[in-house]
Amino acid sequence: MGILEKAAAKAKEAELYEEYREGITVSFKGGELEKVKSEAVLGRALRVIVDGKLGFASTAGEEEDPLVEAAVASARHGDPAPFSFPELKGEGEVKVLDPEVQELSPDDLLAWGEEAAKAITEEFPGIIVDVFLSRGESCVRVANTTGGVREERRSYFGMYVEAQHVKEGDIWLLWVGKTVRRREDLSPEMLVSQVIRYLRWGERVVPSPAGRPPVLFTPRGAVVLYLPLLVGFSGLSVYMGTSPLKGRLGEEAFDRRLTIVDDGTLPFGPRSGSFDDEGVPTGRLPLVEGGVIQHFYYDLRSAALAGAEPTGNGMKGGFFGGGFRTPPSPGPRNILVSPGEGTLEELIAEMKEGIIVEGVLGLGQGNIQSGAFSNNVGTGFVVKGGKVIGRLKNTMIAGNAYEVLKDHLVAIGAEAEWCHGIYRSPALLVEGVSVVSR
């Protein structure tokens, strides 16, 4: 008797999520090889509906009975389950498995790691460089007692570089990297070039302009503005009334140049798939078109609560993912922000004087539900006369993402990048952000 059959004997309905991940990880510490590690992990997560309540449990192993018992027991204190697990039907397939990623060898990863550390330390001998690379594939399978099975193999390839600038009275950690599904979407050489460019920009610390100078958010730094939106477009936030977007479908709530699409069917997108973590088919969902709110995204539970249709956005861990051990909740697939005009260098020249934000410390600080953010800048630079003149230190930014993206969006760059494994965005030049230094 399998897990679902055992669960069906004790619950009204049950759903089994399984993920088998197999891959290779290579890490360098201080420029020296630390380890080469292969991994093979089978993760299982079981959801059950008992007396109208939802239970959840997970395990990384083969034991079945304890998993079923734990899921059933948790339902006694679970949330109401106003939905049924859907019949799982195979529909359009999405390209998420790249043979070129599968062919990458440990030697390939080792070579890229060695070259990255060498290139950076040759120009900056005092910098401590850590490099992490990984590649592999996962096989995701969803089945439930209503009927049907969805299964898919997905590749992944990632590279991250951390450069530590440590001097008396000055510690700076620069972190750059990305995770993709397709080999051609990640260039180790370009990633290293980006690290070197930032290190050159940050060789000296200079005073930050105060008040409300122009702020250029790089694609990675723009997460400060996007995080409140990811929360606000969640169907659960809208239903609960915590989203400022509730009741505003069809309203022009953003700058007319802003178009944002959530696309789970994008070939080789970092979060693409033929189905979400509940087995529901994914799709292309416009969130903002020409500044106008178009849709919200839902998982099974939030859709049932709101009287809406699920959109294939039931994601384990929600916004940034949490692996098989977390239950699904509304989360974006691939957030795509339409580009505008101008390279990063052209935007820097356009802003004349201001700051660049590449990364912040304590992401999520502030009242996320309202759109407010307040963060210390982790990696940022000062622009004067249309050129970068040095690095920020002890500087904080604050503002409201909804207000900035409605009334203070100066320019949208032309060069979009994948960031944080969740969105592809160009740089954003904005005003209306408070900048404070000490």
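**Exercise 1. Ile171 and its surroundings**

Task: In this predicted model, decide whether Ile171 is buried or exposed, then find the surface patch to which Ile171 belongs.

Solution:
- Start with the accessible area. Ile171 has a relative accessible area of 64%, and the cut-off for exposed is over 50%, so Ile171 counts as exposed.
- Next, place the residue in the fold. Ile171 lies in strand S6, which covers residues 170-180.
- Now look across to the partner strand. Opposite Ile171 in S6 stands Val166.
- Finally, collect the patch. Ile128, Val166, Ile171 and Leu173 together make a nonpolar surface patch of about 370 Å².

**Exercise 2. From S4 to S6 by way of two hairpins**

Task: Work out how S5 pairs with S4 and with S6, and which glycine has a positive phi in each hairpin.

Solution:
- Take S4 and S5 to begin with. Strand S5 (residues 149-167) runs antiparallel to S4, with 16 bridges between the two.
- Two residue pairs help you find your way: Phe132 has Tyr160 in S5 as its bridge partner, and Ala143 stands opposite Val149 in S5.
- The hairpin of S4 and S5 has 4 residues between the strands, and Gly147 there takes a positive phi near 130°.
- Move on to S5 and S6. Their pairing is antiparallel too, over 11 bridges.
- This hairpin has 2 residues between its strands, and Gly169 in the turn shows a positive phi of about 80°.

**Exercise 3. The antiparallel sheet and its helices**

Task: Give the strand order of the sheet that contains S4, S5 and S6, and explain why S3 and S6 are its edges.

Solution:
- Read off the order: S3-S2-S1-S4-S5-S6, an open sheet of 6 strands with antiparallel pairing.
- Strand S3 (53-59) and S6 each have a single partner strand, so one side of each has no neighbour in the sheet and they stand at the edges.
- On average, neighbouring strands here are turned by 20° against each other, direction ignored.
- Then add the helices. H2 packs on the sheet by touching strand S2 (32-50) and S3, and its direction makes about 150° with that of S3.
- Helix H4 (residues 106-123) also packs on the sheet, where it touches strand S1 (13-29), S2, S4 and S5; the angle between its direction and that of S4 is about 145°.

**Exercise 4. Two residues and their contacts**

Task: For Ser138 and Pro82, find the accessibility class and the residues that each one touches, leaving out those up to four places away in sequence.

Solution:
- Ser138 sits in strand S4 (residues 128-144). With a relative accessible area of 6%, Ser138 is buried, as the cut-off for that class is under 20%.
- The contacts of Ser138 are Glu19, Tyr20, Arg21, Glu152, Arg153 and Arg154.
- Pro82 is in the loop between helix H2 (65-74) and helix H3 (99-102). Its relative accessible area of 43% makes Pro82 partly exposed.
- Pro82 touches Arg301, Ala304 and Leu305. Along the chain, Pro82 and Ala304 are 222 residues apart, yet 6.1 Å separates their C-alpha atoms.

**Exercise 5. The mixed sheet**

Task: Find the strand order of the sheet with mixed pairing, name its edge strands, and say which of its strands helix H6 touches.

Solution:
- The order is S10-S9-S8-S13-S20-S19, and these 6 strands form an open sheet.
- Strand S10 (292-293) and strand S19 (417-419) are the edges, as each pairs on one side only.
- Helix H6 (residues 223-232) packs on this sheet: it touches strand S8 (260-263), strand S13 (335-337) and S20, and its direction makes about 130° with that of S20.
- At the S19 end, S19 and strand S20 (residues 423-425) are antiparallel over 3 bridges, with Cys419 opposite Tyr423 in S20.

**Exercise 6. Positive phi outside glycine**

Task: Compare the places of Phe268 and His420, and decide whether each is buried or partly exposed.

Solution:
- Phe268, a residue other than glycine, has a positive phi near 65°. Its place is the loop between S8 and strand S9 (284-289), and at 12% relative accessibility Phe268 is buried.
- His420 has a positive phi near 55° and belongs to the loop between S19 and S20. At 32% relative accessibility, His420 is partly exposed.

Conventions: Residues numbered from 1 in each chain as written. Predicted model: local features only at pLDDT ≥ 70, side-chain atom pairs only at ≥ 80, totals over all residues. Heavy atoms only, no water. Pairing = 2+ DSSP bridges. Contact = heavy atoms within 4.5 Å. Axes fitted to C-alpha atoms, helices over the stretch in contact; angles between N-to-C directions. Buried < 20%, exposed > 50% of the residue type's maximum accessible area, 1.4 Å probe, protein only. Patch = residues over 30% accessible without salt bridge, like charges linked within 9 Å, V, L, I, M, F, W, Y side chains within 5 Å. Areas by Shrake-Rupley, 256 points an atom, 1.4 Å probe, with all protein chains shown as cover. Salt bridge = Lys/Arg side-chain N within 4 Å of Asp/Glu carboxyl O.
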